[in-house]
Amino acid sequence: MNEIVERSVAAGSRERLRIRAGEFSGTTAGLAPGNVQANLVILTKALAHDFLRFAQANPKPCPVLAVHVWRDDLVSFALGCSFSFEQALLEDGIELRHLTCGSNVPMYRTNIPCASAGPFAGPLVVSMRPLKPHDAIRAIQITSRFPSVHGAPIHIGLPEAIGIKDLAKPDYGDAVPVKSDELPVFWACGVTPQAVIAEVRPDFCVTHAPGCMLITDLRNTRLASL
């Protein structure tokens, strides 16, 4: 095991233990920099196949990183998270407003329908980061390299065109200021499966809380396509 991998494993383990011990309970954005963070969904086996089909039909909001049996009757899904590509944006000098404000990223339900599979159907949820136009162009280039953690933005500007009436009132997370010389840039979001599962109302389900992700030992660079 090389030194970089060893540091990643140590960082991921340290943060998971800290969270498990109740020493940290906030958003995980910025924790264990460089480590992949994942959305988590745990469902019964009866629903797992249809959920996997739903994720495969909607790879932008639900990029599947791993699937494993947690108990004999439960299946866990680790789905890509935009917090993973944020490190690449920061390293390129792009400000991320929610980190500047010390808050959670704002997330919104849209009028864009997801492809359905079995009982799973519903609208796409997006996360938003305000960027200056030249930073928005650069962000498209950078995040396009990370298709397994949502990839490039799905929409820029004109939030009303995708059914968002008020940027100051996110459905999940916290509102952040958008300056007059900035554009709201929207990425497909891993809260999408949570919103869809809520409509299904299964007898049992476990998910992460929005913005509070599963921190893994995998390096973000391992997910880059180029």
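This briefing walks through the fold, the aromatic pairs, the salt bridges and a few odd backbone spots. Keep in mind that the model is predicted. The protein chain comes to 6 helices and 9 strands. Its radius of gyration is 17 Å, close to the 17 Å that the globule rule gives for 226 residues, so the chain is as compact as a globular protein of that length.

**Overall build**

- Along its principal axes, the C-alpha trace spans about 55 × 45 × 35 Å.
- Buried residues account for 47% of the 226 residues in the chain.
- Take the contacts between residues at least 6 apart in sequence: 77% of them join residues at least 24 apart.
- The chain exposes about 10,700 Å², and carbon and sulfur atoms supply 55% of that.

**Aromatic pairs**

- There are 6 aromatic pairs in the structure. One of them is Phe85 with Trp187: the ring centres sit 5.3 Å apart and the planes meet at 40 degrees, so this pair is tilted.
- Phe85 belongs to helix 3 (residues 83-91) and Trp187 to strand 7 (residues 183-188), so the pair ties together parts that are 102 residues apart in sequence.
- Phe85 is buried at a relative accessible area of 0%, and Trp187 is buried with a value of 0% too.
- Strand 7 also brings in Phe186, which forms an edge-to-face pair with Tyr108, at 6.4 Å centre to centre and 75 degrees between the planes.
- That pair links distant parts of the chain, with Tyr108 in strand 4 (residues 107-113) and Phe186 in strand 7, 78 residues apart.
- Tyr108 counts as buried at 1% relative accessibility, and Phe186 is buried at 0%.
- Elsewhere, Phe51, Phe54, Phe77 and Phe120 come together as one aromatic cluster.

**Salt bridges**

- The structure has 9 salt bridges, including one between the side chains of Glu15 and Arg18, at 2.7 Å from N to O.
- Glu15 and Arg18 are 3 residues apart in helix 1 (residues 3-20), so about one helical turn separates them.
- In that pair, Glu15 is buried, with a relative accessible area of 7%, whereas Arg18 is partly exposed at 25%.
- Helix 2 has a salt bridge as well: Asp50 and Arg53 both lie there, 3 residues apart, about one turn of the helix. Their closest N and O atoms are 2.8 Å apart, and Arg53 is partly exposed at 37% relative accessible area.
- Lys132 and Asp181 form a salt bridge with their closest N and O atoms 3.8 Å apart.
- Lys132 is in the loop between strand 5 and helix 5, while Asp181 is in the loop between strand 6 and strand 7, so this pair ties together parts that are 49 residues apart in sequence.
- Both ends of that bridge count as partly exposed: Lys132 has 29% relative accessibility and Asp181 has 39%.
- Glu95, Arg97 and Glu182 are joined into one network by salt bridges that share partners.

**Helix 6 and what covers it**

- Helix 6 (residues 192-200) has these buried residues: Thr192, Pro193, Gln194, Ala195, Val196 and Ile197.
- Their cover includes strand 1 (35-44), helix 2 (45-57), strand 3 (74-80), strand 4, strand 5 (123-131) and strand 8 (205-207).
- Arg201 follows helix 6 and has a positive phi, near 55 degrees.

**Other backbone spots to look at**

- Most residues other than glycine have a negative phi.
- His150 is not a glycine, yet its phi is positive, at about 85 degrees. His150 sits in the loop between helix 5 (133-143) and strand 6, and counts as buried at 1% relative accessibility.
- Leu158 has a positive phi too, near 40 degrees. Leu158 is in the loop between strand 6 and strand 7, and at 56% relative accessibility it counts as exposed.

**A nonpolar surface patch**

- Ile140, Ile156 and Leu183 make a nonpolar surface patch of about 190 Å².
- Of these, Ile156 is found in strand 6 (residues 155-156), and counts as partly exposed at 35% relative accessibility.

Key: Residues numbered from 1 in each chain as written. Predicted model: local features only at pLDDT ≥ 70, side-chain atom pairs only at ≥ 80, totals over all residues. Heavy atoms only, no water. Patch = residues over 30% accessible without salt bridge, like charges linked within 9 Å, V, L, I, M, F, W, Y side chains within 5 Å. Areas by Shrake-Rupley, 256 points an atom, 1.4 Å probe, with all protein chains shown as cover. Salt bridge = Lys/Arg side-chain N within 4 Å of Asp/Glu carboxyl O. Helix = DSSP H or I, 4+ residues; strand = E, 2+ residues; numbered from the N terminus. Buried < 20%, exposed > 50% of the residue type's maximum accessible area, 1.4 Å probe, protein only. Phe/Tyr/Trp six-rings, centres within 6.5 Å; stacked < 30°, edge-to-face > 60°. Rg over C-alpha atoms; globule rule 2.2 N^0.38 Å. Contact = heavy atoms within 4.5 Å.
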